[in-house]
Amino acid sequence: MIRLALFVPLALFIGLSALLLLGLDKDPTELPSALVGEKFPSFTLIALDEEQGMLSEKDLIGEVALVNVWATWCYACRIEHPMLNQLNEQGVKVIGLNYKDERGSAKKWLDLRGDPYAFSIFDVRGSLGLDLGVYGAPETYLIDATGVIRHRRVGVVDERIWTNEFQDLYAQLKEESQ
Amino acid sequence: MKICLLLLSAALSGFVFATSELVEFSDPSYRARYQQLITELRCPKCQNQNLADSNSPISRDLRNEVQRLLEDGLSNQEIETYLTNRYSAFILYRPEVNKNTYLLWVSPLIILLVGGLVVARFSRQGVSATKSQEIAPDSDERLNDLLSDEEDG
């Protein structure tokens with residue numbers, strides 16, 4: 001009995017090591033999402049293209065869509081942009097949230113790289129970004145037809161991320177909405 | 001001593017930086033609460049910095065937000081709830097006690113208890129071990145025997 005008790009520290013050590021080893025696989029820069037399963041926060045902001053007028057959360061309802069947080073100062077957005085163009089061509093509705101940006105350069109960016117967005121919300125002070133808990137562009141939210149956030153990705157959405165995280169859920173939501 | 005001072009100044013430099021930013025309040029009592037909140041709230045973008053220490057844009061925005069909410073008359077609790085609703089409990093350096101965090105809160109106590117038990121046990125064993133080590137009167141003889149055996153072999 002006493003002999004067995006001698007192995008207790010070893011067992012504890014192995015247990016702790018296993019726990020910490022599992023922790024190594026986690027990405028520490030990834031925050032747990034506070035808004036998945038919640039309604040998209042309400043807002044009233046002007047569109048990046050002024051002619052489209054004022055936008056609100058009601059403009060997001062009715063169709064499954066991606067809401068993509070982007071800015072011209074965001075280097076990774078540059079890398080992500082072709083993927084968004086491609087998704088748009090595939091028929092995915094993409095809505096832009098132009099975050100703390102300058103209108104002129106944002107418009108120029110879209111002229112230069114193509115505009116995958118159905119429309120872009122112009123959040124110059126970052127108020128909607130704050131309500132969404134945005135902490136780094138690009139960020140992408142998948143919202144269902146009723147305007148509820150179903151998935152969030154912080155960082156670039158590329159082919160792999162789309163296939164692994166979005167595709168199935170998108171297809172499922174699309175089916176539900178019909 | 002010098003190293004201690006150096007470490008201390010390094011540890012405090014963050015607070016110096018934090019106060020270098022000029023923040024105006026309508027009520028002076030807000031200042032202390034503001035300082036407390038921004039040292040207890042964690043920057044969501046940085047790995048391990050509070051809002052006071054970080055000069056990332058998001059931290060600046062959140063400091064402004066804390067200031068605005070204070071001026072709006074919200075309590076500290078309400079401000080923390082407001083921010084966790086957006087940025088999740090990640091941003092709290094002092095997490096609430098709930099079913100997700102109680103293990104975190106009680107684990108130091110458990111470890112202390114287990115450690116105390118282990119120490120108590122081993123120290124008692126130590127006392128009895130020294131007693132049994134008193135040299136038996138015929139040990140010299142036996143030792144010599146053993147040594148000569150070895151030499152022969």
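Helices (H or I, at least four residues) and strands (E, at least two) are DSSP runs, numbered from the N terminus. The model is predicted: local features need pLDDT of at least 70, side-chain atom pairs count only at pLDDT 80 or more, and totals for chains, interfaces and linings use all residues. Residues are numbered from 1 along each chain as its sequence is written, while chains are lettered from A and ligands numbered from 1 in the order in which they are written.

**Exercise 1. Work out the fold pattern of chain B and how much of the chain is buried.**

Step 1. Count the elements: chain B has 6 helices and 0 strands.

Step 2. Put them in sequence order, and you get α-α-α-α-α-α.

Step 3. Now burial. A residue is buried if 20 or more other C-beta atoms lie within 10 Å of its own, exposed if 12 or fewer, and partly exposed in between, with C-beta atoms placed from the backbone. By that count, 15% of the 153 residues of chain B are buried.

**Exercise 2. Check the span of α4(B), then find which of its residues are buried and which are exposed.**

Step 1. The expected span of a helix is 1.5 Å times one less than its number of residues. For the 12 residues of α4(B) that comes to 16 Å, and the end C-alpha atoms are 16 Å apart, which agrees.

Step 2. List the buried residues of α4(B): Ile79(B), Glu80(B), Leu83(B), Arg86(B) and Tyr87(B).

Step 3. Look down the axis, taking the arc from the directions between the helix axis and the C-beta atoms. The buried residues of α4(B) fall within an arc of 130°, so they line one face of the helix.

Step 4. Flip to the other side of α4(B), where Gln77(B), Glu78(B) and Thr81(B) are exposed.

Step 5. See what the buried residues pack against: α5 (127-132) of chain A, plus α2 (29-40) and α3 of chain B.

Step 6. Step off the end of the helix: just after α4(B), Ser88(B) has a positive phi of about 70°.

**Exercise 3. Describe the side of chain B that touches chain A.**

Step 1. Two residues are in contact if their C-beta atoms, placed from the backbone, lie within 7 Å. The contact takes 12 residues from chain B and 11 residues from chain A.

Step 2. On the chain B side, the elements giving two or more residues are α3 (57-71) and α4 (76-87). The most come from α4(B), with 4 residues.

Step 3. Sort that side by class (Ala, Val, Leu, Ile, Met, Phe, Trp, Tyr, Cys and Pro are nonpolar; Asp, Glu, Lys and Arg are charged; the others, Gly among them, are polar). You end up with 4 nonpolar, 4 polar and 4 charged residues.

**Exercise 4. Place Phe43(A) and find its contacts.**

Step 1. Phe43(A) sits in the loop between α2 (8-24) and β1 (44-46) of chain A.

Step 2. Phe43(A) has 19 C-beta neighbours inside 10 Å, so it counts as partly exposed.

Step 3. Skip neighbours within four places in sequence, and Phe43(A) is in contact with Ser56(A), Glu57(A), Leu128(A) and Asp131(A).

Step 4. Compare sequence with space: Phe43(A) and Arg3(A) are 40 residues apart in sequence and 67 Å apart in space, C-alpha to C-alpha.
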